[in-house]
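The following exercises concern a ligand and the spaces around it, and each task is followed by a solution worked in steps. Please study the sequence and the structure before reading on.

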Amino acid sequence: MRILSGIQPTGEPHLGNYLGAIKRWTELQHEQECLIFLADLHAITVYNDPATLARTIREAAATLIACGIDPGKTVLFNQARVPAHAEMAWLLNCTARMGWLNRMTQFKEKSGKNRENASVGLYAYPVLQAADILLYQATHVPVGEDQKQHLELTRDIATKFNTDYGVEVFTVPEPLIGKAGARIMSLRDGSAKMSKSDPSDMSRINLTDDSDTIAQKFKKAKTDPEPLPETMEGLEGRAEAKNLVTIFAVLADRAPEDVLGEFAGQGFGAFKPCLADLAVETLRPIRDRFETLRADPAEIDRILVKGAEKARLLSAPTLEAAYKAVGLPR
Ligand code: TYM
């Protein structure tokens, strides 16, 4: 098994990123070979202020390490330091079909009504993502639910390339999507996912929010007046309530049914403070470590440079094999 995943280094990572992806990366690194990277080439598919981007790349790295990613175990790097990603993306652009990309829901959401004005990079975004994965022969890709379609596309691209050129250059990867936590919803609207781009900061818990802010956000989270039921089926049609129970369960490493077993019959007046305490206890050490790491940007750069060196070595054979397969001398 080889695990690979990435996160965009824009905005602040939030509880959805943590429960849907980062927390599982920290667990998997003890069992398997792991590569985790900051998708900074993806970040420029929409305009980002260059000076801010340089800072958020370091901060995202610091957040991942603060969450428990160990650069001694995991190969941690940023995409831009490994040119093979951009090179492989070009080769795969020639395999991916327009019809496949036209179906990508994330492009439709992000480009909105202004499709004609979206960058070509935003359109080709999922092909770069396929390159990220296929370059390393990753077998498993732990992501949240929203990345499922991009993973399916990656599988299609890998299969078509292997078939077209008649060589097994790429491993067809499997998505690893958690049972609970794969889609954490906004605290203000149970039908929208928790997201960095939501204009309301009250909709999400940022991993660097202080304890008072976390407690306040859970207190103000949208809920309903009903008491909690005994089973998860009892939460159907109560999206906000289901979301809070899910957050509790994943934070506590417990089954949602087990959490309901403890709180059944109680209202949110009792449940919310317990949830806030649990989140505060989990996030406080992460925030503290983050502050310490942020104070030493040179050390973060050293870690990312070292990670990129390893990533270059690991990606080189597959890039060579792909050039050879299409018949390009190097
Ligand atoms: P990004 O930066 O949007 O999110 C990073 C990870 O967090 C997950 N996630 C969530 N999980 C549960 N609930 C939520 N509300 C939530 N919001 C985000 C995402 O599913 C993701 O796993 N395109 C990717 C980055 C990427 C990548 C890759 C990932 C680039 N290349 C190759 C895997 C493999 C992205 O923008 O993730």
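**Exercise 1.** Which polar backbone atom is 2.8 Å from a nitrogen atom of the ligand, that is, to which residue does this backbone atom belong?

*Solution.* The model is a predicted one. The residue sought is Ile 184, since a polar backbone atom of Ile 184 lies 2.8 Å from a nitrogen atom of the ligand. With a cut-off of 3.5 Å between N or O atoms, this pair counts as a polar contact. As for the ligand as a whole, it exposes 720 Å² when taken alone, and the protein buries 95% of that area.

**Exercise 2.** Find further polar atom pairs between ligand and protein, and describe the shell around the ligand.

*Solution.* Begin with the backbone: a polar backbone atom of Gln 8 is 2.8 Å from an oxygen atom of the ligand. Turn next to the side chains, where an N or O atom of Tyr 125 is 2.7 Å from a nitrogen atom of the ligand. Then widen the view to the shell of 26 residues around the ligand, of which Gln 8, Tyr 125, Asp 132, Asp 146 and Ile 184 come nearest. Sorted by class, this shell has eleven nonpolar, twelve polar and three charged residues.

**Exercise 3.** Where does the ligand sit, and which elements give two or more residues to the shell around it?

*Solution.* The ligand sits in the largest pocket, and the elements that give two or more residues to its shell are β1 (2–7), α1 (15–28) and α7 (120–134). The volume of the largest pocket is about 1100 Å³. Among the 46 residues that line this pocket, Gln 8, Asn 17, Asp 146, Gln 147 and Lys 193 are the closest to its centre. At least two lining residues come from each of β1, α1, α2 (40–43), α6, α7 and β4 (140–142), and by class the lining divides into 18 nonpolar, 19 polar and nine charged residues.

**Exercise 4.** How many cavities of 30 Å³ or more does the structure hold, and which residues line the largest cavity?

*Solution.* The count is one cavity of 30 Å³ or more, and the volume of the largest cavity is about 50 Å³. Its lining consists of Gln 106, Phe 107, Lys 110, Leu 122, Tyr 125, Pro 126 and His 150, with α6 (105–111) and α7 being the elements that give two or more residues. By class, the lining of this cavity has four nonpolar, two polar and one charged residues. Tyr 125 thus appears in this lining and also among the residues that come nearest to the ligand.

Technical notes. Residues are numbered from 1 along each chain as its sequence is written. This is a predicted model: local features need pLDDT of at least 70, side-chain atom pairs count only at pLDDT 80 or more; totals for chains, interfaces and linings use all residues. Side-chain values use heavy atoms; hydrogens and water are left out. A residue is near a molecule or strand if one of its heavy atoms lies within 4 Å of it. A polar contact is a pair of N or O atoms within 3.5 Å; within protein, one must be able to donate a hydrogen and the other to accept it, and residues adjacent in sequence count only if both atoms are side-chain atoms. Accessible areas come from the Shrake-Rupley method with a 1.4 Å probe; for residues, only the protein chains shown count as cover. On a 1 Å grid over the protein atoms alone, a cavity is a set of points where a 1.4 Å probe fits but cannot get out, and a pocket is an open set with protein on both sides within 12 Å along at least five of seven lines; lining residues have an atom within 4 Å of a point. A molecule sits in a cavity or pocket if more than half of its atoms lie within 2 Å of its grid points. Helices (H or I, at least four residues) and strands (E, at least two) are DSSP runs, numbered from the N terminus. Ala, Val, Leu, Ile, Met, Phe, Trp, Tyr, Cys and Pro count as nonpolar, Asp, Glu, Lys and Arg as charged, and the others, Gly among them, as polar. Grid points are joined across faces, edges and corners, and a volume is the space filled by probe spheres set on the points.
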